[in-house]
Amino acid sequence: MLSNVRTLWLTFLHLFHRSETVGYPETKPYMAPRYRARIILSRDPDGAERCVSCNLCAAVCPVDCISLQKTEDQGRWYPEYFRINFSRCIFCGLCEEACPTYAIQLTPDYEMSEYERPNLVYEKEDLLISGTGKYPDYNFYRVAGMAVPGKDKGEAEREDPPVDIHGLLP
Amino acid sequence: MTLGFGILEIVVSLAAMLSAAAGLTWVERRLLGFWQDRAGPNRVGPFGTLQAVADGVKLLFKQDWIPPFADRGVFILAPAAGMATVLLGFAVIPVTAGWSVAGHLNVGILFFLAMTSLGVYSVVLGGWASNNKFALLGGMRAAAQMVSYEVFMGLSLLGTVMLAHSFSLVDIVMAQGRMWFIVPQFLGFVTFLLAGIAETHRLPFDLPEGENELGAGFHTEYSGMKFGMFFIAEYAGIVLIASMITTLFLGGWLGPVLPPVVWFLLKTGLTICFFILLRAALPRPRYDQLMMFGWKVLLPVCLLNVAVTGAAILLFSPTG
C-alpha cells in the first residue's frame, strides 16, 4: 500500500519535469550530415553529371527501386533516364556505398511526403543537384583512364602515358 | 421555485455536465501526457482544447455498426441506460446551497447509490447483448466487481450520514461547517474513493475493459456514437463520483473568500485530477486480487468505521 502511495507521489512529481516531446514541425530535430534520407545525384566540380550509369546502385538495391538506362556522348557515359521510386526505397544507403563515382548520395532531408503515390517516383531532373555533395574535389573523368573531349588517354591525374606494347624500345 | 426555472436549471446542469465530461477527455489525456513527460494533445485549438470537439465530430461520423448477431434492442438500450443513470445521479449533487436540481431530496444519498447500482445494467447488458465472448467476460467482471464494491460503497457513507443526521446532501454539506468530514471519516473517505473508482471502472480497477486481455471488454462490439456514449458516461461518472466526494467529505461549496461555486468546482476538479493521477501511476490488479481486496480488506474496514463512528457518537453526544 505504501509503495502505491510512493508511486503516486513520484508520478505526480513528473508534472514538473520537462517534456521529452520534440514539437516536430515547429522544432526540427538535428540531422547528422551522414543521415540517410532523400537521395540525390551530384555533379563533379566542373558541373557535369557524375553518374556513369554503371548500374551498380540498381544491382545492389535490395528493394529494386532504382532504374536507369545508359547512353553515351563522345566517350562520356550518362544515364538516359535515372529513376528512383521513393515509395519503395528503404534508405539503406547501399547505393551510395556501391557508387564508384560518388554520384549517388544520401542527404539529411527527410521531408518528402506526398499526397499521391506517383509523385514519389523521382526522375533524373528531380534527383540531380547543381553541387558536388559530400565530395567537393572528386572528378571521375580526371582520374580515370578514359578518353573524353579535352583529355586523352594518359593525361589523367597520376596516370602515365600509354605504353605501346608492340614497340621494341625500352 | 417556478417550473420554468427548474427546467432551466436541469438543462443548464445537463449541458454543463456533458461538456465537462467531454472536456475531461482532453484534460485526462493532457495530464497523462504531463505525467509521462510528453505533451499530450496540443494541436487542435489553443493548447488542444478543441480536441474533444474534434473527437466528438469523428465519433458522430463513424459507421454506427450493430453486429447482426447482437441482441438489437438491448444493444441499443445499454449505452443509453449507462448515460441516463449517471446523469440522473447528478441531480442530487448540490453545487451551492441554492443551486441543485434535487439537492434537498431527503434520501439524496440513497438516490445516488440507486443510480450507480442501475449503472451496472448498462455494462452488463452491453456485454451480454454484444453476443461476443470478450464482451461477455467484460460484462461478467463488471457485474461481480460493481456489485461487490457497491456493498461497502453504501457502508462507507454511513459514518457521514450518522455525523450529519441526514441523507440530504445539502444537509451533509451544512454539517461540515466546522470540520470537513474527511477528518473524522478518513476511513470512510478512502473506502468511498476506492469504491467510486471501481464503480466508474476507472483505471486501477478497469477490469471490465481490460484492453490487454479482453479487447475492449464490454464495449468491444460498440462503435460510433454508441461507444461515445459509454465513453462519455464513464467520464460523467468520474465527475459524479468526484462531486460526491467533494460534497460528502470535502465540505462541498464551503470555503473562505472565494464564491461557493468556485470552491465546489475547485475541489471537484482536484479530485478528478487525483483520479487521473491514479490512472497514470498504478497498474491494474489481477481479478482475484481485486475481489479479495474488496471483500477481505475494504468491507471489514468499512464495518469497523461504522462501528467506531457509532460508538464515538454515542459517547460524545450531549443526549447520551
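Helices, counted here as DSSP runs of H or I with at least four residues, and strands, as runs of E with at least two, are numbered from the N terminus. By that count chain B of this predicted model has eleven helices and zero strands.

**Chain B**

Read along the sequence, the pattern of chain B is α-α-α-α-α-α-α-α-α-α-α. The C-alpha trace of chain B spans about 65 × 45 × 45 Å along its principal axes. A compact globule of 320 residues would have a radius of gyration near 20 Å, and chain B, with 20 Å, agrees with this. Of the 320 residues in chain B, 45% are buried. Contacts between residues at least 6 apart in sequence join residues at least 24 apart in 77% of cases in chain B.

**Nonpolar cores**

In soluble globular proteins, nonpolar side chains tend to be buried together. The largest nonpolar core here has 81 residues. Those with the most contacts inside this core are Ala21(B), Ile232(B), Tyr235(B), Ala236(B), Ile238(B), Val239(B) and Ile245(B). Helix α9 (residues 224-249) of chain B provides the largest share of this core, 17 residues. Leaving aside residues up to four places away in sequence, Ile232(B) touches Leu18(B), Ala21(B), Ala22(B) and Met83(B). A second, separate core has 20 residues, including Cys65(A), Leu68(A), Ile84(A) and Cys89(A).

**The cysteine site in chain A**

An unreviewed UniProt entry carries the annotation "binding site" on Cys61(A), Cys89(A), Cys92(A) and Cys95(A). These cysteines span 35 residues in sequence, yet no two of their C-alpha atoms are more than 10.6 Å apart, so they gather at one spot.

Two of the annotated cysteines are set out below; the contacts leave out residues up to four places away in sequence.

| Residue | Place in chain A | Other C-beta atoms within 10 Å | Residues touched |
|---|---|---|---|
| Cys89(A) | loop between β3 (76-85) and α3 (94-98) | 20 | Ile39(A), Val63(A), Cys65(A), Ile84(A) |
| Cys95(A) | helix α3 | 24 | Ile39(A), Cys57(A), Val60(A), Cys61(A), Ile66(A), Ile104(A) |

A residue is buried if 20 or more other C-beta atoms lie within 10 Å of its own. Cys89(A) therefore counts as buried, with 20 such atoms, and Cys95(A) is buried with 24. Among the residues that Cys95(A) touches is Cys61(A), which also belongs to the annotated set. Cys89(A) touches Cys65(A) and Ile84(A), and these residues are included with Cys89(A) in the second core.

**Strand pairing in chain A**

Strand β2 (residues 66-73) of chain A runs antiparallel to β3(A), to which eight bridges join it. Within this pair, Thr71(A) stands opposite Tyr78(A) of β3(A). The hairpin of β2(A) and β3(A) has two residues between the strands, and Gln74(A) takes a positive phi near 50° there. β3(A) is also joined, by two bridges, to strand β5 (residues 121-122) of chain A, again in antiparallel fashion. Here Asn85(A) stands opposite Val121(A) in β5(A).

**Contact between the chains**

Which residues make up the contact between chain A and chain B, and how many come from each? Chain B gives nine residues and chain A gives eleven residues. On the side of chain B that touches chain A, α1 (3-35) and α10 (260-281) each supply at least two residues. α10(B) gives the most to that side, with three residues. By kind, the residues of the side of chain B that touches chain A are seven nonpolar, no polar and two charged.

Key: Residues numbered from 1 in each chain as written. Chains lettered and ligands numbered in written order. Predicted model: local features only at pLDDT ≥ 70, side-chain atom pairs only at ≥ 80, totals over all residues. UniProt positions renumbered as here; feature names shortened; annotations may be inferred. Buried ≥ 20, exposed ≤ 12 C-beta atoms within 10 Å, placed from the backbone. Contact = placed C-beta atoms within 7 Å. Core = buried A, V, L, I, M, F, W, Y, C linked by C-beta atoms within 7 Å. Pairing = 2+ DSSP bridges. Rg over C-alpha atoms; globule rule 2.2 N^0.38 Å. Nonpolar A, V, L, I, M, F, W, Y, C, P; charged D, E, K, R; others polar.
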